Amino acid sequence: MPLPKQIFIAVIGAGGVGRCFLNQLHHLASNLCQNPAAPTYLSLILLSTSKKLLHSPDYRSLHLGLWEEELAASGTPALSPTDLADYLANAPSKVVLVDNTSNQTLADAYPLFLKKGISIVTPNKKAFSSSYLLWKSIFSAAANGSGAGGYVFHESSVGAGLPVICTLKELVETGDEVRKIEGVFSGTMSFLFNSFMPVGGGGGSFSAEVKRAKELGYTEPDPRDDLNGLDVARKLTILARLAGLEVESPTSFPVQSLIPKELEGCKSGDEFLERLSEFDGKMEKLKKEAVTEGKVVRFVGSVDVAKKDVKVGLEKFDVSHPIAALKGSDNIISFYTKRYGDNPLIIQGAGAGGEVTAMGVTGDLIKVLRLLH
Ligand SMILES: NC(=O)C1=CN([C@@H]2O[C@H](COP(=O)(O)OP(=O)(O)OC[C@H]3O[C@@H](n4cnc5c(N)ncnc54)[C@H](OP(=O)(O)O)[C@@H]3O)[C@@H](O)[C@H]2O)C=CC1
Ligand SMILES: N[C@@H](CC=O)C(=O)O
Ligand code: NA
């Protein structure tokens, strides 16, 4: 009978994605500990939001079924990344940190966690799409880079749970030549244009659809980060880097913003959402122009690897184009490579939402658990 293995899990962020991840973790933990061939005990030792912290000073497992009540009752504030790294590095077995936030300070500390042997799984794009220096520091510290530290996986940082990053990595690692990546990379933008400007006419007002996208959990915590194009620019930065381009930052190439000039000074996302309807007329005009030409408008992006060209913005499409036919929060990502020739490898499906994003995070956790065995 093999010895049971224990892995400690620390989860930061319990919002739309974090909440779904915790449910999936509960399911996974129950299954793994019952595996008679190789039982693994996943112990949740820390759970934190920006204001509250639940943690186990003696590394005993917290109750996965009761996290919500216990976190709500906690009066302890969150730990700084340095204190968090010290606490996790002292755990008596391997640790996986699950970052379900969009926090930049935490992302900046990934090299520190990895060097201490802590593995990371995350849907947070910030670490992989900020400076190229941070990208290099992460992968030179990680065991699945050129370092000796923990493992790092971030499938849900592009296309939510869709297998986008693992596919691109396999194309590259098996010696294919990736020439161009293009498509719809934002669940929010896809939802907005599919519902505001559907093929066949109709659709709600643009500002009402933005509010709906937020309610459905598709947007970033602040929806302006979607509408300014930066979320798509971050995803393309990640894909371009994986395809071999040294993209310096998500602002080092052309990105079209849909934020009206007059609203650039809004103090909060809520103020922005309140005032957005003042600009619905502008979006209606865009819709009318496209309809007159028998087309629809969609928010797309592309990486041309040979030309080292990355761009993000609005484009018009014939109503018969596959991009015009997308539904809901669907992403569509086409990889043009030497091996696939003129018929690209295409990945399509929901590109935002708590459950599908958490699936990518839980899938990454399973990959780390296999490597830690
Ligand atoms: N939603 C989606 O469809 C997708 C999301 N993602 C990514 O997943 C991540 C989470 O998104 P989502 O769940 O929608 O966002 P939410 O805003 O719903 O949740 C964010 C969570 O992170 C917590 N948090 C923020 N800052 C900190 C901090 N400094 N320390 C501890 N906790 C913190 C928040 O706590 P508090 O409430 O106290 O602020 C909250 O619990 C983001 O990086 C997003 O880009 C990726 C793909 C798809
Ligand atoms: N806000 C993002 C969430 C996933 O990355 C999107 O809408 O695609
Ligand atoms: Na993905």
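Two strands are taken as paired where DSSP finds at least two bridges between them, a criterion that underlies the sheet in the first of these close-up views of a predicted model.

**View 1. An open, mixed sheet of six strands.** The six strands follow the order E3-E2-E1-E4-E5-E6, and their pairing is mixed. At the edges of this sheet lie strand E3 (53–55) and strand E6 (152–153), each of which pairs on one side only.

**View 2. The parallel pairing of strands E4 and E5.** Strand E4, spanning residues 95–99, and strand E5, spanning residues 119–121, run in the parallel sense and are joined over three bridges. Within this pairing, Val96 stands opposite Ser119, the latter belonging to E5.

**View 3. The surroundings of ligand 1.** Around ligand 1 there are 30 residues, of which Gly13, Gly15, Val17, Thr49 and Ser102 come nearest to the ligand. Sorted by class, this shell comprises 17 polar, 10 nonpolar and three charged residues. Helix H1 (residues 16–33) supplies the largest share of the shell, namely three residues. Both domain 1 (5–160 + 356–372) and domain 2 (165–351) take part in surrounding ligand 1, with at least three residues drawn from each.

**View 4. The crossing of helices H1 and H15.** Helix H1, which also contributes three residues to the shell around ligand 1, has an axis that comes within 8 Å of the axis of helix H15 (residues 354–372), and the two axes cross at roughly 55°. The two helices, H1 and H15, are therefore oblique to each other. The crossing in which H1 passes H15 is right-handed.

**View 5. The surroundings of ligand 2.** The shell around ligand 2 is made up of Ala160, Ser186, Gly187, Thr188, Tyr218, Thr219, Glu220, Asp226, Asp231, Gly351 and Ala352. Divided by class, the residues of this shell are five polar, three nonpolar and three charged.

**View 6. The packing of helices H9 and H10.** Helix H9, formed by residues 187–196, packs with helix H10, formed by residues 206–215, at an angle of about 140°, and their axes lie 9 Å apart. That angle makes H9 oblique to H10, because only angles over 145 degrees count as roughly antiparallel. As it passes H10, helix H9 does so in a right-handed crossing.

How values were computed. Residues are numbered from 1 along each chain as its sequence is written. Chains are lettered from A and ligands numbered from 1 in the order in which they are written. This is a predicted model: local features need pLDDT of at least 70, side-chain atom pairs count only at pLDDT 80 or more; totals for chains, interfaces and linings use all residues. A residue is near a molecule or strand if its C-beta atom, placed from the backbone, lies within 6 Å of it. Helices (H or I, at least four residues) and strands (E, at least two) are DSSP runs, numbered from the N terminus. Ala, Val, Leu, Ile, Met, Phe, Trp, Tyr, Cys and Pro count as nonpolar, Asp, Glu, Lys and Arg as charged, and the others, Gly among them, as polar. Domain bounds come from an automatic or database domain assignment. Axes are lines fitted to C-alpha atoms, for helices over the stretch in contact, and angles run from 0 to 180 degrees between N-to-C directions. Angles under 35 degrees count as roughly parallel, over 145 as roughly antiparallel, 65 to 115 as roughly perpendicular and the rest as oblique. A crossing is left-handed if the near helix is turned anticlockwise from the far one by less than a right angle, and right-handed if clockwise.
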